Amino acid sequence: MVNTRKINARILELGLNQEVIANEMGIHTVTLNQKINNNRRFYADEVAILFKILKLSSRVELKEYFGLDYLIVAESCENETKEELGGA
């Protein structure tokens, strides 16, 4: 589950607003608002974009802002990429 308070606080901290962020993400402002307020789910690619817009960088922040579900997806994608590149 998305941490609505943390995301909204971070948006304010950076001097942004949902309209600017929605435009950068290529979605409608209403859709972004619904996702931030847990009325609709974020897709993994949207989480990645929002993570960058909010200037977040760690797995701890990913879990704090977006919850365990998205952390698991991120780790899964990371492992698949490593396997594709021949890593362990």
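This passage describes the helical architecture of a predicted model, one helix pair and one buried residue. Local features require pLDDT of at least 70 and side-chain atom pairs pLDDT 80 or more, whereas totals for chains, interfaces and linings use all residues. Residues are numbered from 1 along each chain as its sequence is written, and side-chain values use heavy atoms, with hydrogens and water left out.

The protein chain contains 6 helices and 0 strands, these being DSSP runs numbered from the N terminus (helices, H or I, at least four residues; strands, E, at least two). Of its 88 residues, 31% are buried (under 20% relative accessible area, 1.4 Å probe, protein chains only). Among contacts (heavy atoms within 4.5 Å) between residues at least 6 apart in sequence, 49% join residues at least 24 apart.

Helices α4 (residues 44-53) and α5 (residues 59-66) pack at about 110 degrees, with axes 12 Å apart; axes are lines fitted to C-alpha atoms over the stretch in contact, and angles run from 0 to 180 degrees between N-to-C directions. The pair is therefore roughly perpendicular (65 to 115 degrees). Val47, Leu50 and Phe51 of α4 meet Glu61, Leu62 and Phe66 of α5 in this contact.

Ile7 lies in helix α1 (residues 4-13) and is buried, its relative accessible area being 0%. Beyond neighbours within four places in sequence, Ile7 contacts Val2, Ile36, Leu54, Tyr65 and Phe66. A distance of 9.7 Å separates the C-alpha atoms of Ile7 and Asn37, which are 30 residues apart along the chain.

Technical notes: Angles under 35 degrees count as roughly parallel, over 145 as roughly antiparallel, 65 to 115 as roughly perpendicular and the rest as oblique. Buried means under 20% relative accessible area, exposed over 50%, partly exposed in between (1.4 Å probe, protein chains only).
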